[in-house]
Amino acid sequence: MKDQIIRKIFNGLIYIHILHHGNKEWFYGSWMIDELKEHGYNISPGTLYPILKAMVEEDLLYKKEKNVNGKIRKYYTNTEKGNLLLLDLKKNLKELVDEVL
Ligand SMILES: [Zn+2]
């Protein structure tokens with residue numbers, strides 16, 4: 001498939017971004033889509049939701065459902081494992097930035 005590597009690289013950055021916010025707060029999917037848009041990532045719900053689902057399955061995020069004006073909204077935040085991964089990623093990211101930029 002064409003552009004698969006490019007997609008993988010950008011997805012990696014999106015995982016880091018998600019863990020960064022999940023470290024500080026509970027967020028929901030459409031909020032994250034807007035947030036990523038502000039940072040120049042155009043990600044569709046069809047791409048984001050499978051990422052969030054996989055992160056819940058791998059124990060990186062907790063999910064809770066909340067009724068907001070009669071609609072069920074899914075909120076996410078980091079698990080302990082997610083926070084530890086974020087710490088690791090930040091070290092690697094700093095190394096990378098120092099070398100590449
Ligand atoms: Zn952000």
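Contact here means heavy atoms within 4.5 Å. With that in hand, let's work through this predicted model in a few exercises.

## Exercise 1: The overall layout

**Task.** Describe how the protein chain is built, and find what share of its contacts between residues at least 6 apart in sequence join residues at least 24 apart.

**Solution.**
- Step 1: Take stock of the elements. The protein chain has 4 helices and 3 strands.
- Step 2: Put them in order. Starting at the N terminus, the pattern reads α-β-α-α-β-β-α.
- Step 3: Look at the extent. The C-alpha trace spans about 50 × 35 × 25 Å along its principal axes.
- Step 4: Turn to the inside. Of the 101 residues in the protein chain, 28% are buried.
- Step 5: Count contacts by separation. Considering contacts between residues at least 6 apart in sequence, 46% link residues at least 24 apart.

## Exercise 2: The zinc site

**Task.** Work out which residues coordinate the zinc ion, and what parts of the chain His 21 and Glu 35 tie together.

**Solution.**
- Step 1: List the donors. His 17 and His 21 each coordinate the zinc ion through NE2, and Glu 35 does so through OE, at 1.8 to 2.1 Å.
- Step 2: Read their spacing along the sequence, which is H-x3-H-x13-E.
- Step 3: Place two of these donors. His 21 sits in helix H1 (residues 4-22) and Glu 35 in helix H2 (residues 29-38), so this pair ties together parts that are 14 residues apart in sequence.
- Step 4: Place the other histidine. His 17 is also part of helix H1.
- Step 5: Recall some helix geometry. An α-helix has 3.6 residues a turn, so residues three or four places apart point the same way.

## Exercise 3: Around the two histidines

**Task.** Decide whether His 17 and His 21 are buried or exposed, and find their partners.

**Solution.**
- Step 1: Use the cut-off, with buried meaning under 20% relative accessible area.
- Step 2: Apply it to each histidine. His 21 counts as buried because its relative accessibility is 8%, and His 17 is buried too, with a relative accessible area of 14%.
- Step 3: Check Glu 35, which is buried as well.
- Step 4: Look for a side-chain link. The side chains of His 21 and Glu 35 are joined by a polar contact of 3.0 Å.
- Step 5: Gather the contacts beyond four places in sequence. His 21 touches Phe 27, Trp 31, Met 32 and Glu 35, while His 17 touches Glu 35, Leu 36 and His 39.

## Exercise 4: How H1 packs on H2 and H3

**Task.** Describe how H1 packs against H2 and how H1 crosses H3.

**Solution.**
- Step 1: Choose the descriptors. Two packed helices are described by the angle between their axes and the distance between the axes.
- Step 2: Apply them to H1 and H2, which pack at about 120° with their axes 11 Å apart. The crossing is right-handed.
- Step 3: Name the residues involved. H1 contributes Ile 14, His 17, Ile 18 and His 21, and H2 contributes Trp 31, Met 32, Glu 35 and Leu 36.
- Step 4: Repeat for H1 and H3. Their axes come within 11 Å and cross at roughly 65°, and H1 passes H3 in a right-handed crossing.
- Step 5: Name this second set. From H1 come Asn 11, Ile 14, Tyr 15, Ile 18 and Leu 19, which meet Thr 47, Leu 48, Ile 51, Leu 52 and Met 55 of H3.
- Step 6: Pick out Leu 52 of helix H3. Leu 52 counts as buried because its relative accessibility is 0%. Apart from residues up to four places away in sequence, Leu 52 touches Ile 18, Phe 27, Gly 29, Leu 61 and Tyr 76.

## Exercise 5: Helix H4, end to end

**Task.** Test whether the span of H4 agrees with its number of residues.

**Solution.**
- Step 1: Get the expected value. Helix H4 (residues 80-100) has 21 residues, and at 1.5 Å a residue they should span 30 Å.
- Step 2: Compare with the model. The end C-alpha atoms of H4 are 30 Å apart, which agrees.
- Step 3: Inspect the start of H4, where a side-chain oxygen of Thr 79 comes within 3.3 Å of the backbone nitrogen of Lys 81.

## Exercise 6: Two positive phi values

**Task.** Find where Asp 59 and Asn 69 lie, and compare their phi angles with the general trend.

**Solution.**
- Step 1: Start from the trend. Most residues other than glycine have a negative phi.
- Step 2: Consider Asp 59, whose phi is positive, near 70°. Asp 59 lies in the loop between helix H3 (45-57) and strand E2 (61-68), and is partly exposed at 47% relative accessibility.
- Step 3: Consider Asn 69, with a positive phi of about 50°. Asn 69 is in the loop between E2 and strand E3 (71-78), and is exposed, with a relative accessible area of 79%.

How values were computed:
Residues are numbered from 1 along each chain as its sequence is written. This is a predicted model: local features need pLDDT of at least 70, side-chain atom pairs count only at pLDDT 80 or more; totals for chains, interfaces and linings use all residues. Side-chain values use heavy atoms; hydrogens and water are left out. Helices (H or I, at least four residues) and strands (E, at least two) are DSSP runs, numbered from the N terminus. Buried means under 20% relative accessible area, exposed over 50%, partly exposed in between (1.4 Å probe, protein chains only). The expected span of a helix is 1.5 Å times one less than its number of residues. A polar contact is a pair of N or O atoms within 3.5 Å; within protein, one must be able to donate a hydrogen and the other to accept it, and residues adjacent in sequence count only if both atoms are side-chain atoms. Donors are N, O and S atoms within 2.8 Å of the metal (3.2 Å for Na, K and Ca); water is not among the atoms, so sites may look incomplete. Axes are lines fitted to C-alpha atoms, for helices over the stretch in contact, and angles run from 0 to 180 degrees between N-to-C directions. A crossing is left-handed if the near helix is turned anticlockwise from the far one by less than a right angle, and right-handed if clockwise.
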